[in-house]
Amino acid sequence: ATMPGPITVFVTVTIKEDMIPRFIEVMKEDVVGSLERENGGCLRFDVLKSPDKPNVFHFYEMYKDDAAAKFHKEQPHYLSWAKFKEDGGVLSQEVGKFEAVLGPGIA
């Protein structure tokens with residue numbers, strides 16, 4: 001279903017422990033690319049680390065609309081993340097997609 005307002009994505013990943021350093025580098029590239037090279041379509045991209053589980057991370061991403069979220073998945077910095085997953089770096093992944101209702105710049 002298309003959503004009229006900003007789209008938020010909340011991702012939880014468990015990373016293979018010996019691949020965490022590469023994961024951090026890939027995510028730096030993805031975050032910077034998303035915020036600086038997507039023509040303003042990516043409004044926010046945070047990577048959060050679990051305090052209790054050193055190989056569990058969460059992403060909080062916000063895109064201005066569905067088109068911006070789709071555009072993100074076509075960019076080279078996203079494809080580096082896809083390659084990391086293909087290489088077995090992600091042990092598990094859960095994704096939730098939400099419509100932003102309240103928050104800075106939303107309402």
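Reader: How many residues apart in helix H1 are Glu 25 and Lys 28, and what separation is that in helical turns?
Author: Glu 25 and Lys 28 are three residues apart in helix H1, which means that about one helical turn separates them. Helices (H or I, at least four residues) and strands (E, at least two) are DSSP runs numbered from the N terminus.

Reader: What kind of structure is this, and which confidence limits apply?
Author: It is a predicted model, in which local features need pLDDT of at least 70 and side-chain atom pairs count only at pLDDT 80 or more, while totals for chains, interfaces and linings use all residues. Residues are numbered from 1 along each chain as its sequence is written, and side-chain values use heavy atoms, with hydrogens and water left out.

Reader: Back to Glu 25 and Lys 28: what do their side chains form?
Author: They meet in a salt bridge, at 3.5 Å from N to O. The term stands for a side-chain nitrogen of Lys or Arg within 4 Å of a carboxyl oxygen of Asp or Glu.

Reader: Are those two buried or exposed?
Author: Neither; Glu 25 is partly exposed at 48% relative accessible area, and Lys 28 is also partly exposed, at 49%. Buried means under 20% relative accessible area, exposed over 50%, and partly exposed in between (1.4 Å probe, protein chains only).

Reader: How many salt bridges are there by this rule?
Author: The count comes to six. One of them joins Lys 83 to Asp 87, at 2.8 Å from N to O. Through salt bridges that share partners, Arg 22, Lys 83 and Asp 87 belong to one network.

Reader: Which residue does Arg 44 form a salt bridge with?
Author: Its partner is Asp 46, and the closest N and O atoms are 2.6 Å apart. Arg 44 also stands opposite Met 62 in E3.

Reader: Changing topic, in what order do the strands of the sheet run?
Author: The four strands form an open sheet in the order E2-E3-E1-E4, with antiparallel pairing. Strands E2 and E4 (90–99) stand at the edges with a single partner each, so one side of each has no neighbour in the sheet. Two strands pair if DSSP finds at least two bridges between them.

Reader: How many bridges join E3 to E2, and how many to E1?
Author: Seven bridges join E2 to E3 (residues 56–63), and E1 pairs with E3 over eight. Among the partners, Leu 48 stands opposite His 58, and Val 11 has Phe 59 as its bridge partner in E3.

Reader: Is E3 mostly covered or open?
Author: E3 is mostly covered, with six of its eight residues buried.

Reader: Which strands do the helices lie across?
Author: H1 lies across E1, E2 and E3, at about 160° to E2. Helix H3 (residues 76–86) lies across E1, E3 and E4, at about 140° to E4. Contact means heavy atoms within 4.5 Å. Axes are lines fitted to C-alpha atoms, for helices over the stretch in contact, and angles run from 0 to 180 degrees between N-to-C directions.

Reader: Where is Asn 39, and what is its phi?
Author: Asn 39 lies in the loop between helix H1 (20–36) and strand E2 (42–49). Its phi is near 55°, a positive value in a residue other than glycine. Asn 39 counts as exposed because its relative accessibility is 68%.
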